[in-house]
Amino acid sequence: MEIGVVGLGRMGANMARRLARGGHRVVAYNRTPEKALALAAEEPGIQAVTSLPELADALAPPRAVWMMVPAGDATEEMLRLLLEVLAPGDLIVDGGNSNYKDTLRRAEWVRRQGLHFVDVGTSGGVWGLAEGYSLMVGGDAEAVERLRPALETLAPAPDRGWGHVGPSGAGHFVKMVHNGIEYGLMQAYAEGFELLRSKEEFALDLHQVAEIWRFGSVVRSWLLDLIARGLAEDQTLADIKGWVADSGEGRWTVLEAIDQDVPAPVITLALMMRFVSRQEESYA
């Protein structure tokens, strides 16, 4: 299919590459045009444009445009600008980490102007280019079906790793909970490996343990694969500061749990531990 990709950060650029390599015609735009021009120069199948009107002109209607921009004001502004250059019947995809409540409002805003809106919670990071992306899709069935060729290319395989999970907002809601679970998993791994390291009389090889757990164990996961890579380089983690940011989804998950009266102690405490990591000294 023919698709526009707006926002060429690490994930957006790699998604454009994967689409182009999958046989799709990709028209790429970035707020700083140098990124789009460089990407098009290195990747056959990608056409760079330097303005949103040029993006609209380069795509045959009904158009499909996939946004990969930061959540919040950046997404809001980009959506406003796209609505100025696109036409009724066109399709806009938000593949970023937007709050699902914002997505519900934006979907209605787009529909009132006669366009379609699909929210896609996207997981896979910088490894998605080779491995494929996990895609949690929200929106009406007609719009999602139009997007199917791109979704099947971006996913690890056409028949797995992606799915239409519900109406508008559902994709971002599922991705929010996904990231909350990730917080809990990461905290559990961190605590477990710290406990292993503290047992000095056993002189455990943490990389060896990680490699053992990667195969056959019930705690195997992609996160564990990444831990194993890191431990292979340096088991002391001397060059890694014990400071962990949070991008918002963990907070939103905890707030949603409170709103829904759903106990979520592991995710909540994992979020709190990220706050602790950023305190050099606690007044409490």
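Where along the chain is the place of Pro 62? Select Pro 62 and you land in the loop between α3 and β4 (64-67). Keep in mind as you click around that this is a predicted model.

**Stop 1: the proline pair**

Stay in that loop and add Pro 61 to the selection. The peptide bond running from Pro 61 to Pro 62 is cis, and its omega is near -5 degrees. For background, most peptide bonds are trans.

**Stop 2: zoom out**

Now show the whole thing as a cartoon. You should be able to count twelve helices and eight strands. The radius of gyration is 21 Å, close to the 19 Å from the globule rule for 284 residues, so the protein is as compact as a globular protein of that length. Turn the model along its principal axes, and the C-alpha atoms fill a box of roughly 70 × 45 × 35 Å.

Switch on the surface if you like. It comes to about 14700 Å² of accessible area, with 57% belonging to carbon and sulfur atoms. Of the 284 residues, 44% count as buried. As for what touches what, take the contacts with a separation of 6 or more: residues 24 or more positions apart account for 65% of them.

**Stop 3: into the core**

Hide the surface and select Trp 66, Val 118, Leu 135 and Leu 147. These are the residues with the most contacts inside the largest nonpolar core, which has 32 residues. Colour helix α7 (residues 141-154) next, since this helix gives the most to that core, with six residues.

Centre on Leu 147 and show what surrounds it. Beyond its neighbours within four places in sequence, Leu 147 is in contact with Met 1, Ile 3, Trp 66, Leu 91, Val 93 and Val 118. There is also a second, separate core of 22 residues; pick out Val 27, Met 78, Leu 83 and Ile 92, which are among its members. In general, nonpolar side chains in soluble globular proteins tend to be buried together.

**Stop 4: charged pairs**

How many salt bridges does the structure hold? There are 17, and a few are worth a click.

Start with Glu 43 and Arg 21, a salt bridge in which the closest N and O atoms are 2.8 Å apart. This pair links distant parts of the chain: Glu 43 sits in the loop between α2 (33-42) and β3 (46-48), while Arg 21 belongs to helix α1 (residues 10-21), 22 residues apart. Is Glu 43 buried or exposed? Glu 43 counts as buried because its relative accessibility is 6%, under the 20% cut-off. Arg 21, on the other hand, is exposed, with a relative accessible area of 54%.

Next, select Glu 76 and Arg 105. Their side chains meet in a salt bridge of 2.8 Å, N to O. Again the pair links distant parts of the chain, with Arg 105 in helix α5 (residues 100-112) and Glu 76 in helix α4 (residues 73-85), 29 residues apart. Both count as partly exposed: Arg 105 has 40% relative accessibility, and Glu 76 has 23%.

Keep Glu 76 selected and add Arg 106. Here is another salt bridge, its closest N and O atoms 2.7 Å apart. It also connects helix α4 to helix α5, across 30 residues of chain. Arg 106 is buried, with a relative accessible area of 2%. Add Asp 102 and you have the whole network of salt bridges: Glu 76, Asp 102, Arg 105 and Arg 106.

**Stop 5: a nonpolar patch outside**

Bring the surface back and select Val 126, Trp 127 and Trp 222. Together they form a nonpolar surface patch with about 250 Å² of accessible area. Trp 127 is in the loop between β6 (116-123) and α6 (128-131). This tryptophan is partly exposed, at a relative accessible area of 34%.

**Stop 6: two positive phi values**

Most residues other than glycine have a negative phi. Select Ala 203, where phi is a positive value near 45 degrees. Ala 203 lies in the loop between α8 (170-198) and α9 (206-213), and is exposed, with a relative accessible area of 65%.

Then jump to Asp 261, whose phi is also positive, near 55 degrees. You'll find Asp 261 in the loop between α11 (249-259) and α12 (265-277). Asp 261 is exposed too, with a relative accessible area of 69%.

Note on methods: Residues are numbered from 1 along each chain as its sequence is written. This is a predicted model: local features need pLDDT of at least 70, side-chain atom pairs count only at pLDDT 80 or more; totals for chains, interfaces and linings use all residues. Side-chain values use heavy atoms; hydrogens and water are left out. Patches are made of residues with over 30% relative accessible area and no salt bridge: like charges are joined within 9 Å, nonpolar side chains (Val, Leu, Ile, Met, Phe, Trp, Tyr) within 5 Å. Accessible areas come from the Shrake-Rupley method with a 1.4 Å probe; for residues, only the protein chains shown count as cover. A salt bridge is a side-chain nitrogen of Lys or Arg within 4 Å of a carboxyl oxygen of Asp or Glu. Helices (H or I, at least four residues) and strands (E, at least two) are DSSP runs, numbered from the N terminus. Buried means under 20% relative accessible area, exposed over 50%, partly exposed in between (1.4 Å probe, protein chains only). The radius of gyration is taken over C-alpha atoms; the globule rule is 2.2 Å times the number of residues to the power 0.38. Contact means heavy atoms within 4.5 Å. A nonpolar core is a set of buried Ala, Val, Leu, Ile, Met, Phe, Trp, Tyr and Cys residues joined through side-chain atoms within 4.5 Å.
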